[in-house]
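Colleague: Got a minute to walk me through this one? I'd like to poke at a few spots and see how they fit together.

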Amino acid sequence: MMNISNRAEKLFAFFLFALIWIYLWLRAIYVPLVTDEISTFFYYVQTGRFMPWNAIWDANNHILNSAFAYLSYSAFGLSNISLRLPNLLLAPLSFYAVYKISGEFKNRKVAWLFILSLGCNHYFVEF
């Protein structure tokens, strides 16, 4: 097991994840909702019908995401940030998991490739 034990590497990983998280917040605030987010809102969040036995059978229903978005929408009302808030608040958990899993690689270059590929992955970053 290879841990990223160098203090400079730990700080760099933290700095990288912090920058990505700031970018995600700015994106959540300024980028309009996309088609998938809008359909998720109308079909599942607004109606509260996100559980499989009560929902429309569709690949767009991500049960946990819809449930958290429903709670956020109920608490804060309709806005870009309220619908994306659960994803933003759980992003540090994802970053932590990526960091810890990277410690399982013996080769430091492979560990950093893993961190960069998952931390900067287009599909994770672009909601």
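Colleague: Let's start with Ala91. Leaving aside neighbours within four places in sequence, which residues is it in contact with?

Modeller: Trp21 and Leu24, once you skip the neighbours within four places of Ala91. Keep in mind that this is a predicted model.

Colleague: Where does Ala91 sit, and is it buried or exposed?

Modeller: Ala91 is in helix H4. It counts as buried because its relative accessible area is 9%, and the cut-off for buried is under 20%.

Colleague: And how far is Ala91 from Phe124 in space?

Modeller: Their C-alpha atoms are 9.2 Å apart, with the two positions 33 residues apart along the chain.

Colleague: OK, zooming out. How many helices and strands does the protein have?

Modeller: 6 helices and 0 strands, so to speak a plain α-α-α-α-α-α when you read along the sequence.

Colleague: What about overall dimensions and burial?

Modeller: The C-alpha atoms fill a box of roughly 50 × 30 × 20 Å along the principal axes. There are 127 residues, and 32% of them count as buried. The accessible surface is about 8,400 Å², with 68% of that belonging to carbon and sulfur atoms.

Colleague: What share of the contacts join residues at least 24 apart?

Modeller: 64%, counting contacts between residues at least 6 apart in sequence.

Colleague: Tell me about H1. What's its span?

Modeller: H1 covers residues 7–30. That is 24 residues reaching 34 Å from the first C-alpha to the last, close to the 34 Å expected at 1.5 Å a residue.

Colleague: Which residues of H1 are buried, and what do they pack against?

Modeller: The buried ones in H1 are Glu9, Ala13, Leu16, Phe17, Ile20, Leu24, Arg27 and Ala28. The buried residues of H1 pack against helix H4 (80–102), helix H5 (108–119) and helix H6 (122–125).

Colleague: Which residues have the most contacts inside the largest nonpolar core?

Modeller: Phe17, Ile20, Leu24, Phe95, Val98 and Ile115, in a core of 14 residues. H1, H4 and H5 are the elements that give two or more residues to this core. The largest share comes from H1, with 6 residues. As background, nonpolar side chains tend to be buried together in soluble globular proteins.

Colleague: Then which residues make up the nonpolar patch on the surface?

Modeller: Phe15, Leu19, Ile22, Leu26, Ile29 and Tyr30, with about 650 Å² of accessible area together.

Colleague: Why do Leu26 and Ile29 count as partly exposed?

Modeller: Leu26 counts as partly exposed because its relative accessibility is 45%. For Ile29 the value is 44%, so that residue is partly exposed as well. Leu26 is in helix H1, and Ile29 is found there too. For the general picture, an α-helix has 3.6 residues a turn, so residues three or four places apart point the same way.

Colleague: How far is Leu26 from Ile81 in space?

Modeller: 9.7 Å, C-alpha to C-alpha, and 55 residues apart in sequence.

Colleague: Switching to charges. How many salt bridges are there?

Modeller: The structure holds 2. In one of them, Arg108 pairs with Glu9, the closest N and O atoms being 3.3 Å apart. Arg108 is in helix H5 and Glu9 in helix H1, so to put it in sequence terms, this pair links distant parts of the chain, 99 residues apart. Glu9 is buried, with a relative accessible area of 15%, whereas Arg108 is partly exposed at 37% relative accessibility.

Colleague: And how far apart are N and O for Glu37 and Arg84?

Modeller: 2.7 Å, N to O, in the salt bridge between those side chains. Glu37 lies in helix H2 and Arg84 in helix H4, so the pair ties together parts that are 47 residues apart in sequence. Glu37 is buried, with a relative accessible area of 17%, and Arg84 counts as buried at 2% relative accessibility.

Colleague: Last one: where does Thr47 lie?

Modeller: Thr47 is in the loop between helix H2 (35–45) and helix H3 (63–76). Thr47 is partly exposed, with a relative accessible area of 43%. The C-alpha atoms of Thr47 and Ser94 are separated by 28 Å, and those two residues are 47 apart along the chain.

Technical notes. Residues numbered from 1 in each chain as written. Predicted model: local features only at pLDDT ≥ 70, side-chain atom pairs only at ≥ 80, totals over all residues. Heavy atoms only, no water. Patch = residues over 30% accessible without salt bridge, like charges linked within 9 Å, V, L, I, M, F, W, Y side chains within 5 Å. Areas by Shrake-Rupley, 256 points an atom, 1.4 Å probe, with all protein chains shown as cover. Salt bridge = Lys/Arg side-chain N within 4 Å of Asp/Glu carboxyl O. Helix = DSSP H or I, 4+ residues; strand = E, 2+ residues; numbered from the N terminus. Buried < 20%, exposed > 50% of the residue type's maximum accessible area, 1.4 Å probe, protein only. Expected span 1.5 Å × (residues − 1). Contact = heavy atoms within 4.5 Å. Core = buried A, V, L, I, M, F, W, Y, C linked by side-chain atoms within 4.5 Å.
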